[in-house]
Structure formats: C-alpha cells, structure tokens
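Visitor: Please put the structure up. I have some questions about it.

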Amino acid sequence: QIGLARLPTRTRTRTRTRTRTRSAPPHTMASSEKLELRRADLDADEERSRKRQKRLLQNRQSAALSRSRKKEFVNNLEKQVQELSSNYHQAEQKIQKLTTECWERKLQIEQLEARISMLVKENEMLGGSSHLTLKSQEQNDATAGGDSNQDSNVVNESSTGV
C-alpha cells in the first residue's frame, strides 16, 4: 500500500426532492387537510415555475446582450478590415508610382551620360585639346548608388584647362 496513489473520489450531486411533512397517509386524512396539502403543492409548484421563468428571462436577456456585443465586435473588425484594405491599396499605388519614377530617372541618367559622352567626343574631334573629360568607370560606379546629381559627377574640368 505504500506505493499506491489514492484516486480522487467522485462527488455526487444531490438532487432536490420534494419532501412533505405529513402527519398521516393521504387516505386517512380529512378532505380539508388534503385540500390544504394540494394548495401547498400548487404554491410550491408555482414558486418553482416563477423562479424558472425568471431564470429563463435572465438567460434570454444575457444572450441578447452577448449577441449585441458580438455584433458590435464583428462590425468593428469589418471596419478595421476596410481601413487596412484601403491603406494597402494606397500603398500599392504609391509603390507603383515610385517604381515608375525610378525607372524614368534611370533612363534619363543613361540618356544624359550618352549625350555627355557624345559631346566629349565632338569636343575632342573639334578642338584637339580637351578641357572636359569623363570620369573613370570606377568613379561612376562608386557614385551612382548614392548621389542623385549625376550631371556634376560625370563631367569635370581637367587640371590643364581654364
């Protein structure tokens, strides 16, 4: 018995039973006593019925309140979904716009670099001595990532010039 665990015992719930205090069995009672017992039984039944009706009414009211709170909660969630959905679509539109602008700027940079390269070549053909030179490719690669003013980084004056 030393190693055995004690199992919890099951508790029983008692059901309420109607108890009557009678002085004698019903077949030996007088009719007035029987009538009085019936009235007492009816009063007890009415009391139980009244309590049951009260409990049912309270349950209905509680359920109605719970349903209204749940409906309000769901409505608030739906409102949040609409707001977040709207914010999401606005953000998507802004991202699309900025992506388009970025590609346009890159295209403009390429066009300007090509034009500068062409002007430098023309200058070399016309003048022979160049005051304008292109930066080396390494410098362009280093500055292309962080500087948005590419025009000033691409062309600079040589040290022999004006």
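Visitor: How many helices and strands are there in the chain?
Guide: Keep in mind that this is a predicted model. Helices and strands are both present in the chain. The count is 3 helices and 2 strands.

Visitor: Which pattern does the chain follow along the sequence?
Guide: The chain has 3 helices and 2 strands to place in order. Read along the sequence, the pattern is α-β-α-α-β.

Visitor: What percentage of the residues of the chain count as buried?
Guide: A residue is buried under 20% relative accessible area. The chain has 162 residues. The share that counts as buried is 6%.

Visitor: How much of the accessible surface belongs to carbon and sulfur atoms?
Guide: The total for the chain comes to about 15200 Å². The part that belongs to carbon and sulfur is 53%.

Visitor: Which residues form a nonpolar patch on the surface?
Guide: Together they have about 260 Å² of accessible area. One of them lies in helix α1, residues 31-127. The patch is Phe 73, Val 74 and Leu 77.

Visitor: Is Phe 73 buried or exposed?
Guide: The cut-off for exposed is over 50% relative accessible area. Phe 73 has 51%, so the residue counts as exposed.

Visitor: How many aromatic pairs does a search of the whole structure find?
Guide: Ring centres must lie within 6.5 Å to pair. The search covers the whole structure, and the result is 0.

Visitor: Which residue lies over the face of Trp 103?
Guide: A charge over a ring must be within 6 Å of the ring centre. Here the distance is 4.8 Å. The residue is Lys 106.

Conventions: Residues are numbered from 1 along each chain as its sequence is written. This is a predicted model: local features need pLDDT of at least 70, side-chain atom pairs count only at pLDDT 80 or more; totals for chains, interfaces and linings use all residues. Side-chain values use heavy atoms; hydrogens and water are left out. Helices (H or I, at least four residues) and strands (E, at least two) are DSSP runs, numbered from the N terminus. Buried means under 20% relative accessible area, exposed over 50%, partly exposed in between (1.4 Å probe, protein chains only). Accessible areas come from the Shrake-Rupley method with a 1.4 Å probe; for residues, only the protein chains shown count as cover. Patches are made of residues with over 30% relative accessible area and no salt bridge: like charges are joined within 9 Å, nonpolar side chains (Val, Leu, Ile, Met, Phe, Trp, Tyr) within 5 Å. A salt bridge is a side-chain nitrogen of Lys or Arg within 4 Å of a carboxyl oxygen of Asp or Glu. Rings of Phe, Tyr and Trp (its six-membered ring) pair if their centres lie within 6.5 Å; planes under 30 degrees apart count as stacked, over 60 as edge-to-face and the rest as tilted. A charge sits over a ring if NZ of Lys or CZ of Arg is within 6 Å of the ring centre and within 35 degrees of the ring normal.
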